[in-house]
Amino acid sequence: MPKSVRVFDDRRRAFDFAATPKRVVSLVPSDTLNVAAIGCAGALVGCTDYCELPEDVVARLPRVGGTKNPRLDDVVALEPDLVIANQEENTRGDLEVLAQRGLRVYVAFPKRVADGLAHLARLARVFRVEGDAGVKELVRAGYHALREAEQARASTRPLRTFCPIWMKPLMTIHGDTFISDMLDLCGAQNVFADRQRRYPLAADLGRAAPLPPEKIEGRDVRYPRVTIEELVARAPELVLLPDEPHPFSEEDAEEFRRLDIPAAKRGAVVQTSGKDLCWYGARSATGIGRMRETIARLRAPAA
């Protein structure tokens, strides 16, 4: 009999796998890709409406709704022996209901690029493919790209960068996020790294006093809503507009180009891949290099 495999998810809960999962529902687009990338697409029996890659894999899979509003009865009906979820992408209430209905729910929550690669390596152990040549090469490539970026970052002045994740309201990222770490790794310093979300909304927009810490315990403060005035005051040299979670348009880009900020003056307001910025695990193995190239290209002033 194969030896049981024990892994811990990002909630520090132990999972013992006496056998390889055979029926897996992924509630996270990046994990749908991760499972396929380690050669285990055949185990996937369901995914979300937002799962896009690999195209040939998701084309055959039943959809179970969005990441924030999955149809829980549909998930249960697929009889998965493993549900892969994310603490940020999925709601706590939904995941608790699935667990109460007898499903094994493995929760990821990487806040750093290195965390995402470690998560990918754990999935390889769960599926008992960590020794496969292709999987070993994928993980190796991810860590090689990480180390190479870290070495380059140590000797390069980062570009002060604004990266919004939503347009109306204008929202961005705190330093304690995967996106911010990816930016920093690739040579872009998040100008709002120190800016937490304040409650209520008026406080976040600077129009009222924020609630004290004890009143917001348990709330996510990593995605602040900011004003144009705040943005101008932070004087970013680069504005990166990802195509997800909000699909920033050329019209959106023009709004930023009209601002009195260094990025606008030097022609450094550009659209970029949201997947390279925020899909953790397998995507990072190649995404790190692409993001570094993007930022390096924008380091020089426009001609």
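# Rings, pockets and turns in a predicted model

User: Happy to start with the rings: how many aromatic pairs does a search of the whole structure find?
Analyst: Keep in mind that this is a predicted model. A search through the whole structure gives aromatic pairs to the number of five.

User: Take Phe15 and Phe17, which form an aromatic pair: is it stacked, tilted or edge-to-face?
Analyst: The two ring centres are 6.4 Å apart, and the planes of Phe15 and Phe17 meet at 15 degrees. Planes under 30 degrees apart count as stacked. The pair of Phe15 and Phe17 is therefore stacked.

User: Which residue joins Phe15 and Phe17 in one aromatic cluster?
Analyst: Phe15 and Phe17 are both buried. The cluster that holds these two has one further name in it, Tyr106.

User: Which residue lies over the face of Tyr199?
Analyst: A charge sits over a ring if, among other conditions, NZ of Lys or CZ of Arg is within 6 Å of the ring centre. Here the distance from the centre of the Tyr199 ring is 4.7 Å, and the residue is Arg219.

User: On to the core: which helix gives the most to the largest nonpolar core?
Analyst: This core has 31 residues, and Val7, Phe17, Val24, Ile38, Leu82, Phe127 and Val129 have the most contacts inside it. Elements that each supply at least two residues include strand E1 (5-8), strand E2 (14-17), helix H6 (133-154) and helix H13 (282-297). With four residues, the element that gives the most is H5.

User: How are the residues lining the largest pocket divided into nonpolar, polar and charged?
Analyst: The largest pocket has a volume of about 1200 Å³. Its lining is made up of 36 residues, and Lys68, Glu88, Glu89, Tyr223 and Pro245 are those nearest the centre. Helix H1 (29-37) and helix H7 (178-185) each give at least two residues to this lining. By class, the lining of the largest pocket holds 16 nonpolar, nine polar and 11 charged residues.

User: And which helices each supply at least two residues of the lining of the second largest pocket?
Analyst: The second largest pocket holds about 160 Å³ of space. Among its lining residues are Met167, Leu205, Ile228, Glu229, Glu255 and Phe256, and the classes come to seven nonpolar, one polar and four charged. The helices that each supply at least two residues are H9 (228-234) and H10 (250-257).

User: Pro245 lies nearest the centre of the largest pocket along with four others; which residue does a cis peptide bond join to Pro245?
Analyst: Most peptide bonds are trans. Pro245 lies in the loop between strand E9 (238-242) and H10. Omega is about 10 degrees for the cis bond here, and the partner of Pro245 is Glu244.

User: What is omega for the cis peptide bond that joins Leu53 and Pro54?
Analyst: Pro54 is in the loop between strand E4 (44-46) and H2. The bond from Leu53 to Pro54 is cis, with omega of about -10 degrees.

User: Is Glu79 buried, partly exposed or exposed?
Analyst: Glu79 sits in the loop between helix H3 (72-77) and E5, and has a positive phi of about 50 degrees without being a glycine. Exposed means over 50% relative accessible area. Since Glu79 has 60% relative accessibility, its class is exposed.

User: Why does Ala235 count as partly exposed?
Analyst: Ala235 is in the loop between H9 and E9, where its phi is near 50 degrees, a positive value in a residue other than glycine. Buried means under 20% and exposed over 50%, with partly exposed in between. Ala235 counts as partly exposed because its relative accessibility is 27%.

User: Is Asp252 buried or exposed?
Analyst: Asp252 has its place in helix H10. C-alpha to C-alpha, Asp252 and Gly267 are 15 Å apart in space, and they are 15 residues apart in sequence. Because the relative accessibility of Asp252 is 10%, this residue counts as buried.

User: Last one: how far apart in space are Arg299 and Ser284?
Analyst: Arg299 is found in the segment after H13, and at 28% relative accessibility Arg299 counts as partly exposed. Arg299 and Ser284 are 15 residues apart in sequence, and their C-alpha to C-alpha distance is 22 Å.

Conventions:
Residues numbered from 1 in each chain as written. Predicted model: local features only at pLDDT ≥ 70, side-chain atom pairs only at ≥ 80, totals over all residues. Heavy atoms only, no water. Phe/Tyr/Trp six-rings, centres within 6.5 Å; stacked < 30°, edge-to-face > 60°. Buried < 20%, exposed > 50% of the residue type's maximum accessible area, 1.4 Å probe, protein only. Lys NZ or Arg CZ within 6 Å of the ring centre and 35° of its normal. 1 Å grid on protein atoms, 1.4 Å probe; cavity = no way out; pocket = protein on both sides within 12 Å on 5 of 7 lines; lining within 4 Å. Points joined across faces, edges and corners; volume = space filled by probe spheres on them. Nonpolar A, V, L, I, M, F, W, Y, C, P; charged D, E, K, R; others polar. Core = buried A, V, L, I, M, F, W, Y, C linked by side-chain atoms within 4.5 Å.
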